[in-house]
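Could you walk me through this structure, stop by stop? I have it open in a viewer and would like to know what to select next and what is there.

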Amino acid sequence: MDHQPKFFENLSGTGKAIGVLTSGGDAQGMNAAVRAVVRMGIYVKAKVYFVYEGYQGMVDGGDNIVEVSWESVSSILQVGGTVIGSARCKSFRTREGRLQAAYNLVQRGITNLCVIGGDGSLTGANLFREEWSGLLEELAQKGKIDEEAVKKYAYLNIVGMVGSIDNDFCGTDMTIGTDSALHRIIEVVDAIMTTAQSHQRTFVLEVMGRHCGYLALVSALACGADWVFIPEYPPEEGWEDSMCVKLSENRARKKRLNIIIVAEGAIDCHNKPITSEKVKDLVVQRLGFDTRVTILGHVQRGGTPSAFDRILASRMGVEAVLALLEATPATPACVVSLSGNQAVRLPLMECVQMTQEVQKAMDEGRFLEAVRLRGRSFENNLNTYKLLSHKKPDAELPKTNFNVAVLNVGAPAAGMNAAVRAAVRVGITEGHKMFAVIDGFEGFARGKIKEISWGDVGGWTGQGGSILGTKRTLPAKYLEKIADQMRTNNINALMVIGGFEAYESCLQLHEARSRFEEFCVPICVLPATISNNVPGTDFSIGADTALNAIVETCDRIKQSASGTKRRVFIIETMGGYCGYLANMGALAAGADAAYIFEEQFDIRELQANVEHLTEKMKTSIQRGLVLRNENCNENYTTDFIYQLYSEEGKGVFDCRKNVLGHMQQGGAPSPFDRNFGTKISAKAMQWISKKLKETYRKGKVFANTDDSVCLLGMRRRNLVFQPVAELKNETDFVHRIPKEQWWLKLRPLMKILAKYKTSYDVSDSGQLEHVAMHSPKEAETGAI
């Protein structure tokens, strides 16, 4: 893109006052959004006010609307819920209530509102905005305000952010709180699985979602549940029989546990509720299985926000302030939302209308329409779940006579196993014979290859590490042996799941095609590495889990530093030369600085950071957190930075260091990684099937074009297959990173929220888009 960068320094908030409130049900990450709005507001020299207790506080006024400072939002990033409170408010629904609210805002000169809540809260805000000038006229007639004030405060600008664990708002891929709620659900499911396994039990889990099945659907995908009930996609007539048949088939296959997930708003095709108790009674009466119900309830709203929610909310908060600064009387109220990994602005009422359309479609029994209106992400989740959860009888499966091998390459990453499971199951559904290669290309050369069945990969989604085993060895030195094995086992396609080594391996296989015809088969790379350093993709499987591990540790360290006061921690993260984990970890943990290889720094910058921390110690926030990527600079090592800070900070603060190491690679995969791994793997396997059909000639597969060796990555808003040969130009092979990385644009965000002066390129934001209705075709091609 050859646009001139547009920097927000030109946008000044001087003379503006912003009110921030949270309304409706609480959600983890709301505090991160509040913090970002306050700090960004103060950064651009606007006044920022907390409105306590949602709209109730706005109506009551007084101490409920308070001007805040930078330090007011310290230490709230890692806290769940909302520190400024939220309340349902009847009086705001009346014109008298809104009149009083308008009076309270005008008294403080607030004409910019940032509302964090669900669709009800945002609709209320929009009505308030439409009535604003009329309310002021009325206040003037009653003599409460003068004509001067009516002119001065003539317009109210509103920007919304959606905070809701249900992810029930159209126009955004994820609402603030959804990812954290999935974390809570998956923690419980993982814990229940161990006890269910011991007793051969069936568990019926009820999750939140009165009108939206997102949490139920994604958690079912993420734990490989046997059955899921959601409001948008009721089961067909006679579902009781089909479900019982499936459960008993699974038991017959030696599966010791069954998990059924029910959304609290689940219904049958006659719009009658399906409750968790009803499902339990059915299983007990028909099958006699030992069955228990667990209702998760408010656990899902609680706990600390996930790394994803903190970053999402921080980005949204900053974007919301920019939107308020740029708003004119003519701009409609907008919501800041997420599309792929882009922050976008959408007209608030378009989103609300679309959200209401979904409910209307469900009420009228147009369920397919409801699924489509939910958006392509929801539709993809549903299609993937249907594909993976139920094995067709062998007689109904097509037979292609193709053999497809799956292997892991590089370091282990959480989510690899979910990807292998999806590949195997989709492959079998497509009619292929699936083979698993043990220990990467090294194992391949030694003939460690075996057929793998549908049942073999049961329960793999929640397992960390790599069950198939993985090695960093590249194929170059074993080419002949690998070609032999491919010939012996008649392998017609390869799926390689791994990090930078997986990408390099497939480049080597591509280049060796002229010498070995065996490699002239479709090959697909799935990026899986905690470092997130693979060219051609914005995210890789495993990076989210590692980020959560880093953030969890940083939270604990911050807590320890708060207790001892005047302490700075230097934390070293992994990532090779890629600064993704250090940078995003710093943004999510609220760090003061992050040293990365991509942004060279010198002794002057280190000195400036020390001075910045010295100043900070004079305030009430007497702790510091500094992240350093392991390879950011060969001379400024973690020890060097620790010693420098210790020396320069003498008498002001003391210093501690912590190297996080391999704990970042381990652990159960996060819901995002399970889901991402599952979905991209299913998509890759469908691509392989398509390529196999295209390249099958005269009884054999022969694929020798560049586009038959691809990497499947997420780019901005879409999943795209890119030939590895074309990605070569985008790669810095010496440092094993892509030449351009999207997340570097978020770097100034971290600095702003840590009170550094910096410039922030906002060229990508600022355009108000429209809510796009996607066609069914688009769901197949694009988004996650």
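Start by selecting helix H1, residues 30-43. Helices here are DSSP runs of H or I with at least four residues, strands are runs of E with at least two, and both are numbered from the N terminus. H1 has 14 residues and reaches 20 Å from its first C-alpha to its last, close to the 20 Å expected at 1.5 Å a residue; that expected span is 1.5 Å times one less than the number of residues. Turn on the surface and you will find H1 largely enclosed by the rest of the structure, because 13 of its 14 residues are buried. On this tour, buried means under 20% relative accessible area, exposed means over 50%, and partly exposed is in between (1.4 Å probe, protein chains only). Just after H1, click on Lys45, which takes a positive phi of about 70°.

A quick word on what you are viewing: this is a predicted model, in which local features need pLDDT of at least 70 and side-chain atom pairs count only at pLDDT 80 or more, while totals for chains, interfaces and linings use all residues. Residues are numbered from 1 along each chain as its sequence is written, and side-chain values use heavy atoms, with hydrogens and water left out.

Next, the salt bridges. A salt bridge is a side-chain nitrogen of Lys or Arg within 4 Å of a carboxyl oxygen of Asp or Glu, and by this rule the count comes to 40. Select Glu232 and Arg374, whose side chains meet in a salt bridge at 2.6 Å, N to O. This pair links distant parts of the chain, 142 residues apart: Glu232 is in the loop between strand S7 (227-229) and helix H8 (239-252), and Arg374 is in helix H12 (residues 367-374). Glu232 is buried, at 0% relative accessibility, and Arg374 is buried too, with a relative accessible area of 14%.

For another pair, select Glu364 and Arg366, which meet in a salt bridge at 3.0 Å, N to O. Here Glu364 is partly exposed at 47%, and Arg366 is partly exposed at 33%.

Now move to Lys751 and Glu599, with a salt bridge of 2.8 Å, N to O. These two are 152 residues apart, and the pair links distant parts of the chain, with Lys751 in helix H24 (residues 747-753). Glu599 lies in the loop between strand S19 (593-595) and helix H20 (603-616). Which of the two is buried, and which is partly exposed? Lys751 is buried, at 19%, whereas Glu599 is partly exposed, at 26%.

To see salt bridges joined up, select Arg95, Arg98, Glu131, Glu138 and Lys142, which are linked in a network.

Finish with the charged surface. Patches are made of residues with over 30% relative accessible area and no salt bridge, with like charges joined within 9 Å; Lys and Arg count as positive, and Asp and Glu as negative. Select Arg88, Lys90, Arg93 and Arg210 for a patch of positive charge. Within this group, Arg210 lies in the loop between strand S6 (202-207) and helix H7 (214-223), and Arg210 is exposed, at 58%. Then select Glu137, Asp146, Glu147 and Glu148 for a patch of negative charge. Glu137 sits in helix H4 (residues 119-141) and is partly exposed, at 40%.

Key. Patch = residues over 30% accessible without salt bridge, like charges linked within 9 Å, V, L, I, M, F, W, Y side chains within 5 Å. Areas by Shrake-Rupley, 256 points an atom, 1.4 Å probe, with all protein chains shown as cover. Charge placed at Lys NZ, Arg CZ, Asp CG, Glu CD.
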